[in-house]
Amino acid sequence: FPSELCLTYVLPPFLSELPPDLFSHPALATIQRLDLRKCKSLLSLPESLGSLVGLRSIDLRRCTSLTSLPDSIGSLSCLSEIDLGDCESLETIPQSISQCTSLSRISFGAMTTPGCNALTNLPDEICDLPSLREL
């Protein structure tokens with residue numbers, strides 16, 4: 001058995017959303033890493049994301065159409081890393097992310113890439129995250 005349980009989801013190019021209850025199944029609560037990178041048509045994540053209580057890492061790199069993250073992200077107390085590199089349509093990060101007390105790294109991409117051009121501000125509370133080391 002692998003030491004880290006990972007869910008990789010490849011979204012067909014013509015779909016822009018995930019099923020609302022995708023992450024609600026109790027068996028998924030132990031997933032530690034969620035890889036949705038390159039889901040270029042994905043507009044948002046379902047609120048059921050908050051059910052993945054064991055989640056430590058979310059990779060959303062190159063989800064170029066993603067405009068927002070769900071408020072339920074604040075329920076992910078084990079989350080330590082989120083990669084938002086090249087999420088060029090991302091407009092907001094919910095204030096609830098300040099409840100992710102294990103969050104140590106939030107990546108918006110390299111300076112030489114498009115990054116998160118639509119993101120105009122971050123919640124003030126993000127600076128109060130006790131484990132945050134890299135922004």
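**A guided look at a predicted strand-based chain**

The structure shown is a predicted model. Of the 34 residues in its largest nonpolar core, those that touch the most other members are Leu 49, Leu 60, Leu 69 and Leu 84.

Visitor: With which residues is Leu 84 in contact, leaving aside its neighbours within four places in sequence?

Guide: Leu 84 is one of the four residues that touch the most other members of the largest nonpolar core. In soluble globular proteins, nonpolar side chains tend to be buried together. Once neighbours within four places in sequence are left aside, the contacts of Leu 84 are Leu 60, Leu 69, Leu 90, Ile 93, Ile 106, Ser 107, Phe 108 and Cys 116.

Visitor: What pattern does the protein chain follow when read along the sequence?

Guide: The secondary structure of the protein chain comes to zero helices and five strands. Read from one end of the sequence to the other, the pattern is therefore written with strands alone, as β-β-β-β-β.

Visitor: What is the radius of gyration of the protein chain, and how does this value stand against the globule rule?

Guide: For 135 residues the globule rule gives 14 Å, and the value for the protein chain is close to that, so the chain is as compact as a globular protein of that length. Along its principal axes, the C-alpha trace spans about 40 × 35 × 25 Å. The radius of gyration itself is 14 Å.

Visitor: Among contacts between residues at least 6 apart in sequence, what percentage join residues at least 24 apart?

Guide: A contact here means that heavy atoms lie within 4.5 Å. Among the contacts in the protein chain whose residues are at least 6 apart in sequence, the share joining residues at least 24 apart is 63%.

Visitor: Is Asp 86 buried or exposed?

Guide: Asp 86 has its place in the loop between strand S4 (81–83) and strand S5 (105–107). A residue counts as buried under 20% relative accessible area, and the value for Asp 86 is 15%, so Asp 86 is buried.

Visitor: Where is Arg 61, and which residues is Arg 61 in contact with, leaving aside its neighbours within four places in sequence?

Guide: The place of Arg 61 is in the loop between strand S3 (57–59) and S4, and at 25% relative accessibility Arg 61 counts as partly exposed. From Arg 61 to Cys 6 there are 55 residues in sequence and 16 Å in space, C-alpha to C-alpha. With neighbours within four places in sequence left aside, the contacts of Arg 61 are Arg 37, Lys 38, Asp 83 and Gly 85.

Visitor: What is the phi of Lys 38?

Guide: Lys 38 lies in the loop between strand S2 (33–35) and S3. Most residues other than glycine have a negative phi. Lys 38 is a residue other than glycine, yet its phi is positive, near 65 degrees.

Visitor: What about Arg 62: what is its phi?

Guide: Arg 62 is found in the loop between S3 and S4 and counts as partly exposed, at 31% relative accessibility. Although Arg 62 is not a glycine, its phi is positive, at about 65 degrees.

Visitor: How many Å apart in space are Ser 131 and Glu 17, C-alpha to C-alpha?

Guide: Ser 131 is found in the segment after S5 and is partly exposed, with a relative accessible area of 24%. Leaving aside neighbours within four places in sequence, Ser 131 is in contact with Thr 101, Ser 102, Leu 103 and Ser 104. Ser 131 and Glu 17 are 114 residues apart in sequence, and their C-alpha to C-alpha distance in space is 31 Å.

Technical notes
Residues are numbered from 1 along each chain as its sequence is written. This is a predicted model: local features need pLDDT of at least 70, side-chain atom pairs count only at pLDDT 80 or more; totals for chains, interfaces and linings use all residues. Side-chain values use heavy atoms; hydrogens and water are left out. Helices (H or I, at least four residues) and strands (E, at least two) are DSSP runs, numbered from the N terminus. The radius of gyration is taken over C-alpha atoms; the globule rule is 2.2 Å times the number of residues to the power 0.38. A nonpolar core is a set of buried Ala, Val, Leu, Ile, Met, Phe, Trp, Tyr and Cys residues joined through side-chain atoms within 4.5 Å. Buried means under 20% relative accessible area, exposed over 50%, partly exposed in between (1.4 Å probe, protein chains only).
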